[in-house]
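Please open the model in your viewer and keep the sequence beside it, since this tour moves from one selection to the next.

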Amino acid sequence: MYVDKDGKPWGRAYPSKDVVILGTNPAANSYSGDEVVKLITSVTEEEQKAGVTRSAEQAKLANRYTYTCGISISATSKSTDFKSYKDVWKSKFYESSDRCLLYIDGEVASDHPLLSKDEEAIVDIVANNGGDASLRGYAFADVFALCAQNKPGYADELPAKPQWKKAEAKAALALCPDAPHAAVLQEVVDSVKISDGNKIVGKDMDPGTWKTKPAVKDCYWSRNTGGGDIIANDFVGFAPDGVAVTVHAGEGFESERCGVWTKIG
């Protein structure tokens, strides 16, 4: 008969092949007068059942996601399916503008009513950091997509609600900290950026030092008083290292053809 390491007999189940037999009672080459030999197992029956359950859950999770890339409205378009965002990293879709969709158990993620505990925890990161988690399946799909693809220029995209973008990037870093583009996600979380245009320092942009991307061309910038007088300005034909400008509260700041400015100090 089988008994576990604590001496408790097994019931109806039998140890699986990976359960180790620690020894016997009586020991080998001995006789206690009892015809029953007890085989001492390395795990309990309950532990084996839990292990079987965990294996089933792991197998289910491995097939939970389908990430379909290359979708088009064209009836003749072709798409490729992946089972994880790590599979996408090895494909041509990793740095691609092609649209990809996440399916959970065969359903479009945005319509999926039941997220797992781990998936809900990722969505909570979005919500707790000022992001939009009103449609939780959709929020998880957005984070999953950030893990899967390194979108060209993503760090410099300036959405209407930048805090939503930062919250999703922070959640993605929790879901896929080993992503090849983790540095891009971290830049989104940490950096403050503005676009060209007219800004009021202290309202539309923070006081401090701001810098453009490298190799900026035909960039004009101007610092102005509240009354419109020019404090300092410059027209830069080409700056391989980028252009840096320090602005102060109450000033006006104008820039044209300079692209995205990032706060560096």
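How many residues does α4 have, and how far does α4 reach from its first C-alpha to its last? In this predicted model, select α4 and you will find 13 residues that reach 18 Å from the first C-alpha to the last, close to the 18 Å expected at 1.5 Å a residue.

Stay with α4 and colour its buried residues, which are Gly 137, Ala 139, Phe 140, Ala 141, Val 143, Phe 144, Leu 146, Cys 147 and Ala 148. If you then show what covers these buried residues, the cover includes β4, α2 (85–89), β6, α3 (117–128), α5 and α6.

**The rings beside α4**

Next, turn to the aromatic side chains, where the count comes to eight aromatic pairs. One of them joins Tyr 65 and Phe 144, whose rings are tilted, 5.1 Å centre to centre with 55° between the planes. Because Tyr 65 lies in strand β4 and Phe 144 in helix α4, this pair ties together parts that are 79 residues apart in sequence. Tyr 65 is buried at a relative accessible area of 13%, and Phe 144 counts as buried at 1%.

Now add Tyr 67, which forms another tilted pair with Phe 144, at 5.5 Å centre to centre and 50° between the planes. Here too the pair links distant parts of the chain, with Tyr 67 in strand β4 and Phe 144 in helix α4, 77 residues apart; Tyr 67 counts as buried, its relative accessibility being 1%. To see the wider group, select Tyr 65, Tyr 67, Tyr 85, Trp 89, Phe 140 and Phe 144 together, as these residues form one aromatic cluster.

**The disulfides**

Show the cysteine side chains next: the structure holds three disulfides. Numbered in sequence order, the bonded cysteines pair as 1-2, 3-4, 5-6.

Start with Cys 69 and Cys 100, whose sulfur atoms are 2.3 Å apart and whose link is right-handed, with 120° about the S-S bond. This disulfide links distant parts of the chain, since Cys 69 is in strand β4 (residues 65–69) and Cys 100 in strand β6 (residues 100–104), 31 residues apart. Cys 69 is buried with a relative accessible area of 0%, while Cys 100, at 12%, also counts as buried.

Then return to α4 by selecting Cys 147, which forms a disulfide with Cys 176, the sulfur atoms 2.1 Å apart; the link is left-handed, with -90° about the S-S bond. Cys 147 lies in helix α4 (residues 136–148) and Cys 176 in the loop between α5 (162–175) and α6 (182–190), so the pair ties together parts that are 29 residues apart in sequence. Both Cys 147 and Cys 176 are buried.

The remaining stop among the cysteines is the disulfide of Cys 219 and Cys 258, at 1.9 Å from S to S, which is right-handed with 90° about the S-S bond. Cys 219 is found in strand β11 (residues 216–224) and Cys 258 in the loop between β14 (252–256) and β15 (261–263), 39 residues apart, and both cysteines are buried.

**A charge over a ring, then the whole chain**

Select Lys 165 and Tyr 154 to see the charged end of the lysine sitting over the tyrosine ring, 4.5 Å from the ring centre.

Finally, zoom out to the protein chain, which has six helices and 15 strands, and in which buried residues make up 36% of the 265 residues. Its accessible surface comes to about 15,500 Å², of which 53% belongs to carbon and sulfur atoms.

Terms used
Residues numbered from 1 in each chain as written. Predicted model: local features only at pLDDT ≥ 70, side-chain atom pairs only at ≥ 80, totals over all residues. Heavy atoms only, no water. Disulfide = S-S within 2.5 Å. Helix = DSSP H or I, 4+ residues; strand = E, 2+ residues; numbered from the N terminus. Buried < 20%, exposed > 50% of the residue type's maximum accessible area, 1.4 Å probe, protein only. Areas by Shrake-Rupley, 256 points an atom, 1.4 Å probe, with all protein chains shown as cover. Expected span 1.5 Å × (residues − 1). Contact = heavy atoms within 4.5 Å. Phe/Tyr/Trp six-rings, centres within 6.5 Å; stacked < 30°, edge-to-face > 60°. Lys NZ or Arg CZ within 6 Å of the ring centre and 35° of its normal.
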